[in-house]
Amino acid sequence: MNFNSDSKILFILAHPDDEVLGAGGMILKAKSFGASIRIVWLGEGVSARFSENQFNSDDYKKANAIREKGAINAMEVLGVLDYSFGYWHCLRFDQIPFLDITKKIEKEIFNFKPNLIVTHNPVEVNIDHVITFKAVEAAARPVKDKIIPAIWGCEIPCSGRWTLGTKFVPNIYVEIENFIENKILAWSKYKGEARNFPFPRSDEGLKTLAKYRGMEAGVKYAEAFKSWREVL
Ligand SMILES: [Zn+2]
């Protein structure tokens, strides 16, 4: 599969920053080939740092605003104009009725009519990522008039690599040598989310993973995905 102006890629992800971490280079590459891209974040990415009785506090609202501003700035670097914020609380997706999540995703699929969905993987430490994957699995049931040609899972450094036991095994590699620097630039917009190497969500961590995945595919830098279903 190659990206082109007929590509309609819908990202269903848990939090703002997952798109840069898991697929920033792929987004830049697909855009360069004229793909249409929509990014949907189901939740915010900061409330795990707060207790529930702080959700109305100024500190919480400020942290959320910073995360959203980071996302808007990152979208500018990625050249993505079509995106939608979500407000389910971070690391508490298990407290949301599963049907509410699948219905929201079904509506997104109906409206955008993607030929590729990119979401999370079930091999994950982050509960929101796992639930997002399961909800996409349910929402993308291949029933009449709703067959989605391809569904991929992207690899999130740290939460996607810190599983005990089973590890994520990709089978799709997107070569991103010309896009790695802008991926890092987009990542720099999420101020406060990066930490120093060897934390995986560091500039060096992201580059190291891209090189590692590149080695597996015979290219300098790559992002890795797993294709969960393709209908040719
Ligand atoms: Zn996330």
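**A short tour: the zinc ion and Ser-47**

Start by selecting the zinc ion in this predicted model. Its protein donors are His-15 through ND1, Asp-18 through OD, listed twice, and His-129 through NE2, and they lie 2.1 to 2.4 Å from the ion. Now look at the angles among the four donor atoms: they run from 56 to 141 degrees, and the site is irregular. Four donors count as tetrahedral only if all angles lie between 85 and 135 degrees, so a site with angles of 56 to 141 degrees does not qualify.

Next, colour the chain by position and find the donors again. Their spacing along the chain is H-x2-D-x110-H. Asp-18 sits in helix α1 (residues 18–32) and His-129 in helix α4 (residues 127–139), so this pair, 111 residues apart, links distant parts of the chain.

Are these two residues buried or exposed? Asp-18 counts as buried because its relative accessibility is 2%, and His-129 is buried for its own value of 2%.

Now move to Ser-47. You will find Ser-47 in the loop between β2 (36–41) and α2 (58–78). With a relative accessibility of 0%, Ser-47 counts as buried too.

Show the side chain of Ser-47 and ask: what does it reach? One partner is the side chain of Glu-44, in a polar contact at 2.9 Å. Another is the backbone nitrogen of Cys-90, at 2.8 Å.

For the last stop, select the residues around Ser-47. Setting aside neighbours within four places in sequence, Ser-47 is in contact with Phe-55, Tyr-60, His-89, Cys-90 and Arg-92.

Definitions and conventions:
Residues numbered from 1 in each chain as written. Predicted model: local features only at pLDDT ≥ 70, side-chain atom pairs only at ≥ 80, totals over all residues. Heavy atoms only, no water. Donors = N, O, S within 2.8 Å, 3.2 Å for Na, K, Ca; no water. Tetrahedral: all angles 85-135°; square planar, octahedral: opposite > 155°, others 65-115°. Helix = DSSP H or I, 4+ residues; strand = E, 2+ residues; numbered from the N terminus. Buried < 20%, exposed > 50% of the residue type's maximum accessible area, 1.4 Å probe, protein only. Polar contact = N/O pair within 3.5 Å; in protein donor to acceptor, adjacent residues only side chain to side chain. Contact = heavy atoms within 4.5 Å.
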